[in-house]
Every structure is written in structure tokens, then in C-alpha cells.
Amino acid sequence: MKLLIDAGNSAVKLMLATEQSELSAVGLQEVPWSHVEEVLVSAVAESSALTQVLALAAAQGKQVHYARVSGHWQQLKCAYENPNTLGIDRWLAVIAGYSENPQGETVIVDAGTALTIDVVNSEHQHLGGYILPGLDLTEHSIVSRAQKVFSVDGLRRHISPGRSTPSAVKNGALLSALGAVEYVLSHYCHGDQAQLYITGGDGLALHNHLKASVYRPHFVFEGLLKWRIGAQTV
């Protein structure tokens, strides 16, 4: 069994992976340390929560492996000239998407604090990607800079035109994200095997409006596990 850690910009999430690569969420106090063989970490940010988990892992004598971005993973080639400047969460999601669709064009969307869109072509080449404000960040940027624009907590997002200022802000944030994804799809996905994968906290909101998409809420964790398996076979 492996303990997987995703230390993002907003939270630290833990999952357990069985020998069959089945994933299950777990709280810090619920980790069965005696069954954990190793700890895998995807960290885009340091935090006291991550430090606490790693301290417990060290106290249990567990080996910790930090995922790193490299110029290639198996046949997949990274677009960045300096791979170290690519966020590890993006790279792991790209690995997961490529692993699911290695022969086709693949778009991977991670809808979190930021909205990231990455593209892999059918020649195993990561083409790079885009980083946009996430849905909440888009709303906040408008509300904080426009004096007469305001939001309402708990208001649901819809794709239809808003009939109040708060709904227009929320719906506009969703529309802008969907428009960005659809633009990328129309320009980079033309083959029969093209596939769109969506993950992240706001991923389901986008998935519900993109009929051809596949929603994978734990894609970074899936990529982290595949990264480790790939590293062991090199």
C-alpha cells in the first residue's frame, strides 16, 4: 500500500493506493502506517499541514519520494525547455491523461484555484498549456476591481445569461472557462481518438457542460501513482 500526498495551493489531500492501484481518500489520523510501504508526494506549495504529514512518515520510518518533472516520461515528451518550471501537479495530470490515451490527441483540464489546460498530440508530445484564473478567482478579480459589481455566497453557476449582477458574474466565470476549453479542443483535437479529461475542485461544473469530457476527480493522484511505476521501470 502507498500513501499519496497532493499538496496544492489550497489544501493537502491524502489517498491510499492498493496493490491494484485502487484509490481511497483518507484523513491524517486514519493512515494505517503499518501497511504503508512508501509515501509519494506531489507538492506545489509547502505548508504546515504537509510538514506534519512528512514528520509522521519519518517517525514511522517510511521512505518518501517527491515527484519531479522531467524532460520525458516513458514516450511522453515535456514541452518545457526547462521542465523544472512546470508545476508538478500539471505534469502528473498530463501523465495520467497520456496514459489513458497514448495514441490520440489529449487535453487535460485541472479546474482548481487556477484553471490549467494542457495539450498532448498523437506523437506523444506535450505541446504546453495555458494557465487562467479559476472560477472563484475570476469572480473575485471582477468584484474586487469593479465598485458596483458584487457577488452572493451560495449562488449556483449556470450557463444561461445572469438575471442579476451576482449571477452574471458567476455565470460569466463559467462561460469564460468553457470558452477557453472549447477553443483549445477546436484547434488541437481533430483525430478520432481525441479525448478531454477534466479534474479539480470545479471540474464537475465544467464536465456537466462539456458532453465529450471524462471527469476524473483524482487525476493528479492517478498520475502520481503512474509516475512512480514508470520511474521504477526505467
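**Figure 1. The aromatic pair of Y197 and F219 in the predicted model.** Y197 and F219 are both buried, where buried stands for under 20% relative accessible area, exposed for over 50% and partly exposed for values in between (1.4 Å probe, protein chains only). The structure holds 1 aromatic pair, a term used for rings of Phe, Tyr and Trp (its six-membered ring) whose centres lie within 6.5 Å, with planes under 30 degrees apart counted as stacked, over 60 as edge-to-face and the rest as tilted. The ring centres of Y197 and F219 are 5.2 Å apart and their planes stand at 35 degrees, so this pair is tilted. Because Y197 belongs to strand 11 and F219 to helix 6 (residues 219-233), the pair ties together parts that are 22 residues apart in sequence; helices (H or I, at least four residues) and strands (E, at least two) are DSSP runs, numbered from the N terminus. Residues are numbered from 1 along each chain as its sequence is written. As this is a predicted model, local features need pLDDT of at least 70 and side-chain atom pairs count only at pLDDT 80 or more, while totals for chains, interfaces and linings use all residues, and side-chain values use heavy atoms, with hydrogens and water left out.

**Figure 2. Strand 8 and the strands beside it.** In strand 8 (residues 106-111), 6 of the 6 residues are buried, so the strand is largely enclosed by the rest of the structure. From this strand T106, I108 and D110 point one way, whereas V107, V109 and A111 point the other way, and all of them are buried. Strand 8 pairs with strand 9 in the antiparallel sense over 6 bridges, and with strand 11 (residues 195-199) in the parallel sense over 5 bridges; two strands pair if DSSP finds at least two bridges between them. The connection from strand 8 to strand 9 is a hairpin through 2 residues. D110 can be used to locate both pairings, with T116 as its bridge partner in strand 9 and T199 standing opposite D110 in strand 11.

**Figure 3. The salt bridge between R90 and D118.** The side chains of R90 and D118 meet in a salt bridge at 2.7 Å, N to O, the term being used for a side-chain nitrogen of Lys or Arg within 4 Å of a carboxyl oxygen of Asp or Glu. Since R90 lies in helix 2 (residues 88-100) and D118 in strand 9 (residues 114-120), the pair ties together parts that are 28 residues apart in sequence. Both ends are buried: R90 has a relative accessible area of 6%, and D118 has one of 2%. By the same distance rule, the count comes to 9 salt bridges.

**Figure 4. A salt-bridge network that includes E139 and K170.** E139 forms a salt bridge with K170, and the closest N and O atoms are 3.1 Å apart. The former residue lies in helix 3 (residues 135-145) and the latter in helix 4 (residues 165-188), so this pair ties together parts that are 31 residues apart in sequence. E139 is buried, and K170 is buried as well. These two residues belong to a network of salt bridges that links D136, E139, R157, K170 and D202.

**Figure 5. The salt bridge between E222 and R216.** The closest N and O atoms of E222 and R216 are 2.6 Å apart, and the two residues form a salt bridge. E222 is buried, with a relative accessible area of 17%, and R216 likewise counts as buried at 18% relative accessibility.

**Figure 6. N121 in the loop after strand 9.** N121 has its place in the loop between strand 9 and strand 10 (126-133). Although it is a loop residue, N121 counts as buried, at 18% relative accessibility. Leaving aside residues up to four places away in sequence, N121 touches G104, E105 and L127, where contact means heavy atoms within 4.5 Å.

**Figure 7. The chain around these close-up views.** The chain contains 6 helices and 12 strands. Its radius of gyration is 19 Å, close to the 17 Å that the globule rule gives for 234 residues, so the chain is as compact as a globular protein of that length; the radius is taken over C-alpha atoms, and the rule is 2.2 Å times the number of residues to the power 0.38. Along its principal axes the C-alpha trace spans about 55 × 40 × 30 Å. Of the 234 residues, 43% count as buried.
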